[in-house]
Amino acid sequence: MAKASSEPTTTTAASTRGSAASMKGAGHEYAVIVDGGRQYTVQEGQELEIDFRHLPAGSEVVFDEVLAVSRAGKLTLGAPKVKGATVKAKVVGTEQGEKIYVQQFARRKNYRRRTGHRSLHTRVKIAGISG
């Protein structure tokens with residue numbers, strides 16, 4: 001079995017057939033970040049909904065868990081994170097998500113309950129990718 005290296009690997013967009021690098025194109029800069037257990041592919045200027053945080057509009061959020069960075073056709077993959085890479089974003093505001101319904105049911109017991117909730121989300125705009 002091959003031993004995993006802790007060094008990041010760099011490949012060109014042409015050699016990563018079917019990957020995110022070839023889908024985005026050689027001229028675009030993007031990064032893959034982790035927040036709240038989910039992975040997001042982000043580009044500069046993109047708006048994104050993340051889990052709610054108690055932050056005022058205009059404040060800065062820094063994502064330091066960066067799994068991959070693509071710049072000028074070169075894809076840098078971390079093992080598991082890219083060293084020194086960060087993604088900075090500005091908070092646009094807080095929004096409510098869609099209503100989610102939760103239903104409980106017990107057959108033959110005349111038991112039916114339906115409740116719902118709307119989760120809060122924080123909308124951020126990606127300001128820059130560094131590293």
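Here are some notes on this predicted model, point by point, for anyone opening it for the first time.

1. Confidence first. This is a predicted model, and its mean pLDDT is 85, with 79% of the residues at 70 or more. The stretch to treat separately is residues 12-23, where the pLDDT is below 50. Beyond near neighbours in sequence, that stretch has 13 contacts in the model.

2. The sheet to look for. Find the open sheet of four strands, whose order is 4-9-8-5 and whose pairing is antiparallel. Which strands stand at the edges? They are strand 4 (47-51) and strand 5 (60-63); each has a single partner strand, so one side of each is left without a neighbour in the sheet. From one strand to the next, the twist averages 50 degrees. As background, strands of a sheet pair through backbone hydrogen bonds, either parallel or antiparallel.

3. The middle of the sheet order. Strand 8 covers residues 86-106 and strand 9 covers residues 111-130. How many bridges hold strand 8 and strand 9 together? There are 18, in the antiparallel sense. If you want a spot to start from, try Thr94, which stands opposite Thr122 in strand 9.

4. The two edge pairings. On one side, strand 4 pairs with strand 9 over five bridges, again antiparallel. Thr122 turns up here too, as the bridge partner of Ile50. On the other side, strand 5 and strand 8 pair over four bridges, also in the antiparallel sense. A residue pair to click on there is Val62, which stands opposite Lys88 in strand 8.

5. Ile50, in strand 4. Is Ile50 buried or exposed? With a relative accessible area of 1%, Ile50 is buried, since the cut-off for that word is under 20%. Leaving aside residues up to four places away in sequence, Ile50 touches Asp35, Tyr40, Phe63, His121, Thr122 and Val124. You can also check the spacing to Arg38: the two residues are twelve apart along the chain, and their C-alpha atoms are separated by 9.3 Å.

6. Phe63, in strand 5. Phe63 is one of the residues that Ile50 touches, and Phe63 is buried as well, with a relative accessible area of 3%. Which residues does Phe63 touch, not counting those up to four places away in sequence? The list runs Ile33, Asp35, Ile50, Arg53, Ala85, Thr86, Val87 and Ala89. Asp35 appears among the contacts of Ile50 and among those of Phe63. Thr86 is 23 residues from Phe63 in sequence, yet 5.7 Å from it in space, C-alpha to C-alpha.

7. The turn between strands 8 and 9. This hairpin has four residues between its strands, and the backbone there deserves a second look. Arg108 has a positive phi of about 60 degrees although it is not a glycine. Asn110, in that loop between strand 8 and strand 9, has a positive phi too, near 55 degrees, and is likewise a residue other than glycine. As for surroundings, Arg108 is exposed, with a relative accessible area of 70%, and Asn110 is exposed at 69%.

8. A separate hairpin. Strand 6 (residues 66-71) and strand 7 run antiparallel and are joined by four bridges. Ala68 stands opposite Leu77 in strand 7. Two residues lie between the strands of this hairpin, and Ala72 takes a positive phi near 55 degrees.

9. A cis peptide bond. Where is Pro80? Look in the loop between strand 7 (74-77) and strand 8. The peptide bond leading from Ala79 to Pro80 is cis, with omega near 0 degrees.

10. Rings. If you go hunting for aromatic pairs, the structure holds zero. There is an arginine to see over a ring, though: the charged end of Arg114 sits over the ring of Tyr101, 4.0 Å from the ring centre.

Key:
Residues are numbered from 1 along each chain as its sequence is written. This is a predicted model: local features need pLDDT of at least 70, side-chain atom pairs count only at pLDDT 80 or more; totals for chains, interfaces and linings use all residues. Side-chain values use heavy atoms; hydrogens and water are left out. Two strands pair if DSSP finds at least two bridges between them. Axes are lines fitted to C-alpha atoms, for helices over the stretch in contact, and angles run from 0 to 180 degrees between N-to-C directions. Buried means under 20% relative accessible area, exposed over 50%, partly exposed in between (1.4 Å probe, protein chains only). Rings of Phe, Tyr and Trp (its six-membered ring) pair if their centres lie within 6.5 Å; planes under 30 degrees apart count as stacked, over 60 as edge-to-face and the rest as tilted. A charge sits over a ring if NZ of Lys or CZ of Arg is within 6 Å of the ring centre and within 35 degrees of the ring normal. Contact means heavy atoms within 4.5 Å. pLDDT is the predictor's confidence in each residue, from 0 to 100.
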